Amino acid sequence: MSGKADPRAAGEGTTSRTRLDRGRGALGPALQLVHTGRAPTRAVLTAELGVTRATAGAVAAELEALGLIRVDARPGAAAGAQGRPSHRLSIAEDGPVALAAQVHADGFRAALVGLGGRIVATAPGRLSVDADPAQVLGAVVEAGAGLLRTTGRRCVGAAVAVPSAVAEPEGLALNPLHVAWPVGAPVRRIFEECVRAAGITGPAFAANDVNLAALAEHRHGAGRGARDLLCVATGHRGVGGALVLDGRLHTGSSGLALEVGHLTVNPEGRPCHCGNRGCLDVETDPLALLTAAGREPGPEVSLLRQADDLVRNHRDDAAVRDAVAALIDRLGLGLAGLVNILNPDRIVLGGLHRTLLEADPDRLRAVVAGRSLWGRSGAVPVLPCTLSHNSLVGAAELAWQPVLDDPLAVLT
Ligand SMILES: [Zn+2]
């Protein structure tokens with residue numbers, strides 16, 4: 001990897017070489033700034049990196065030579081009256097991609113994701129996920145490999161989002177409650193084997209779907225700029241949580257932090273798969289809403305779609321209205337407890353929780369404020385997630401991370 005000689009070292013002029021040597025350590029930070037939309041021009045990049053204009057120029061040129069970004073020296077619109085506008089920086093349209101995969105209770109989705117969290121291509125698949133993780137992981141990697149063949153894009157690595165806590169460092173799915181996998185299934189190893197079997201090189205990762213959604217929202221969506229970002233979301237089944245601290249996922253000592261789904265929000269509530277009863281997981285997920293509204297879940301579309309549709313389009317029905325209010329109150333109770341413990345500066349909600357927030361933001365915010373110490377004094381903003389497929393985009397972030405840390409080492 002990094003032991004290879006840099007093919008450019010011999011061919012270029014001494015001056016730009018020296019500048020780049022000085023700027024080598026700035027390549028990763030520079031790429032991260034462009035990747036997260038924080039350096040739209042070379043002037044901003046120069047200021048953000050705290051380097052000279054010449055070094056920033058050499059860094060931008062190197063990232064362009066690596067095929068990662070585009071440097072536009074003649075941006076169309078002039079920026080005000082003071083001299084010529086700065087070079088515009090953007091993600092290379094035809095640059096490399098990460099293979100992102102997501103497994104959920106109803107099947108999978110594969111996607112190719114470029115820098116900037118841009119989904120280049122995606123392929124969904126529905127199947128009943130059976131007890132052998134290799135079945136669905138094989139299918140999703142095959143779909144992703146098909147997208148790579150069709151687009152002809154270079155792949156930097158692969159990652160899969162799974163509906164389970166993933167224990168590190170082994171990459172084991174510890175509580176795959178909503179898919180039939182055995183507890184402790186070595187999902188990362190199996191995913192990596194599928195990736196290799198498909199002829200895809202680069203690192204392979206596996207992580208919890210809500211953790212990845214939080215990471216994506218922090219870098220590209222509703223969580224941008226938050227310092228202590230709490231994300232709570234439903235998948236198709238169940239509820240997950242994640243915390244991003246200073247730009248990094250807080251995963252705990254072995255990857256298992258923020259299992260918020262098993263907070264008790266209704267002591268007399270329905271039994272949970274964990275052995276307790278009345279957990280957030282079973283009291284506020286799509287199945288809970290359908291049941292509370294007296295609806296029989298149908299097999300034709302996912303539970304999440306059915307529940308979303310009910311909240312959005314059937315609130316004139318009293319049973320639905322009452323069910324929505326009851327779920328909002330239980331969700332608010334859970335969030336209030338988390339606010340007291342974690343003191344986040346922002347909360348973002350995904351899946352059905354996002355839909356519930358949008359249905360009655362005042363009610364949810366009032367419950368959170370009324371039930372939490374810190375929420376009462378200075379209300380914590382509670383916002384909907386904004387990215388489509390944020391778990392997939394977050395999976396791509398994992399696969400992109402080695403490039404974001406040291407682009408030259410990975411790509412040459
Ligand atoms: Zn539980």
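**View 1. A partly exposed alanine, A369, on helix 14.** At 23% relative accessibility, A369 counts as partly exposed, because that class begins where buried, under 20%, ends. In this predicted model, A369 belongs to helix 14, which covers residues 361–371. Look for A336 as well: 33 residues separate A336 from A369 in sequence, yet their C-alpha atoms are 7.2 Å apart in space.

**View 2. The three domains of the chain.** Here you can follow how the chain is divided: domain 1 takes in 7–73 + 83–91, domain 2 takes in 97–211 + 391–411, and domain 3 takes in 226–386. Between the C-alpha centres of domain 1 and domain 2 the distance is 30 Å. Their contact draws on 12 residues of domain 1 and 14 residues of domain 2.

**View 3. The largest nonpolar core, with 37 residues.** Welcome to the largest nonpolar core, where L31, L45, L63, L68, I69 and W400 are the members that touch the most others among its 37 residues. Helix 16 (residues 390–405) is the biggest giver to this core, supplying 7 residues. Domain 1 and domain 2 both give residues to the core, so it lies between them.

**View 4. L68 and its partners in contact.** Stay with L68, one of the residues that touch the most other members of the largest core. Leaving aside residues up to four places away in sequence, L68 touches L31, L63, I91, A92, P96, L115, W400, V403, P407 and L411. Two of these partners, L31 and W400, are also named among the core members with the most contacts.

**View 5. Another nonpolar core, of 35 residues.** Set apart from the largest core is another one, with 35 residues. Handy landmarks for finding this other core include V239, V260, V339 and V382.

**View 6. The second largest pocket, between its lining residues.** About 380 Å³ of space lies in this pocket. Its lining counts 17 residues, and E168, A207, L249, T251 and L398 are the closest to the pocket centre. Strand 9 (204–208), helix 8 (209–220), strand 12 (248–249) and helix 16 each give two or more residues to the lining. Strand 9 provides the largest share, with 4 residues.

**View 7. The chemistry and domain origin of the pocket lining.** Which classes of residue line the second largest pocket? Its lining has 7 nonpolar, 6 polar and 4 charged residues. As for where they come from, domain 2 and domain 3 each contribute at least three residues to the lining.

Key. Residues are numbered from 1 along each chain as its sequence is written. This is a predicted model: local features need pLDDT of at least 70, side-chain atom pairs count only at pLDDT 80 or more; totals for chains, interfaces and linings use all residues. Side-chain values use heavy atoms; hydrogens and water are left out. A nonpolar core is a set of buried Ala, Val, Leu, Ile, Met, Phe, Trp, Tyr and Cys residues joined through side-chain atoms within 4.5 Å. Buried means under 20% relative accessible area, exposed over 50%, partly exposed in between (1.4 Å probe, protein chains only). Domain bounds come from an automatic or database domain assignment. Contact means heavy atoms within 4.5 Å. On a 1 Å grid over the protein atoms alone, a cavity is a set of points where a 1.4 Å probe fits but cannot get out, and a pocket is an open set with protein on both sides within 12 Å along at least five of seven lines; lining residues have an atom within 4 Å of a point. Grid points are joined across faces, edges and corners, and a volume is the space filled by probe spheres set on the points. Ala, Val, Leu, Ile, Met, Phe, Trp, Tyr, Cys and Pro count as nonpolar, Asp, Glu, Lys and Arg as charged, and the others, Gly among them, as polar.
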